[in-house]
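Let's take a stroll through this structure, one stop at a time. Keep the 3D view open as you read.

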Amino acid sequence: MDADGYFCVVGRADDMIFNNALNINPCEVENCLKGHPAVLDCAVVSSPHLMGQTIKAFIVLSSGFINRKPW
């Protein structure tokens, strides 16, 4: 985190995410997300979960799209 509170992804600690016996390449998920017109940029990472790892995506919306929370 920089002095202004922003995070910058500079690399990955691992190239695969293991979830429910599946090997998931985060780069492939990012490329899929970036294909959507609402996604300007994104980063996909693993997160600890009860049974191993889960996937989290951090997304920057393109201008003109509103962040509507589903909850």
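## A nonpolar patch on the surface

In this predicted model, Ile-59, Leu-61 and Phe-65 make a nonpolar patch of about 240 Å² on the surface. Ile-59 belongs to strand 4, which covers residues 52-61. How accessible is Ile-59? Its relative accessible area is 41%, and since buried means under 20% and exposed over 50%, Ile-59 counts as partly exposed.

## What the UniProt record says

UniProt puts the feature "domain: AMP-binding enzyme C-terminal" at residues 28-64, in an unreviewed entry. Look at that stretch in the model: residues 28-64 are 19% helix and 57% strand. The C-alpha atoms at its two ends sit 25 Å apart.

## Ser-62, just past the strand

Ser-62 is found in the segment after strand 4. With a relative accessible area of 15%, Ser-62 is buried, because the cut-off for buried is under 20%.

So who does Ser-62 touch? Setting aside residues up to four places away in sequence, its contacts are Pro-37, Ala-38, Val-39 and Leu-40. With Pro-37 there is some extra detail: the Ser-62 side chain reaches the backbone oxygen of Pro-37 at 3.1 Å.

## Thr-54, back in strand 4

Thr-54 is in strand 4, and its relative accessibility of 24% makes it partly exposed. Skip the neighbours within four places in sequence, and Thr-54 is in contact with Ile-17, Asn-19, Val-45, Ser-46, Ser-47 and His-49.

How far is Thr-54 from Asp-4? Along the sequence they are 50 residues apart, and in space their C-alpha atoms are 29 Å apart.

Notes: Residues numbered from 1 in each chain as written. Predicted model: local features only at pLDDT ≥ 70, side-chain atom pairs only at ≥ 80, totals over all residues. Heavy atoms only, no water. Patch = residues over 30% accessible without salt bridge, like charges linked within 9 Å, V, L, I, M, F, W, Y side chains within 5 Å. Areas by Shrake-Rupley, 256 points an atom, 1.4 Å probe, with all protein chains shown as cover. Salt bridge = Lys/Arg side-chain N within 4 Å of Asp/Glu carboxyl O. Helix = DSSP H or I, 4+ residues; strand = E, 2+ residues; numbered from the N terminus. Buried < 20%, exposed > 50% of the residue type's maximum accessible area, 1.4 Å probe, protein only. UniProt positions renumbered as here; feature names shortened; annotations may be inferred. Polar contact = N/O pair within 3.5 Å; in protein donor to acceptor, adjacent residues only side chain to side chain. Contact = heavy atoms within 4.5 Å.
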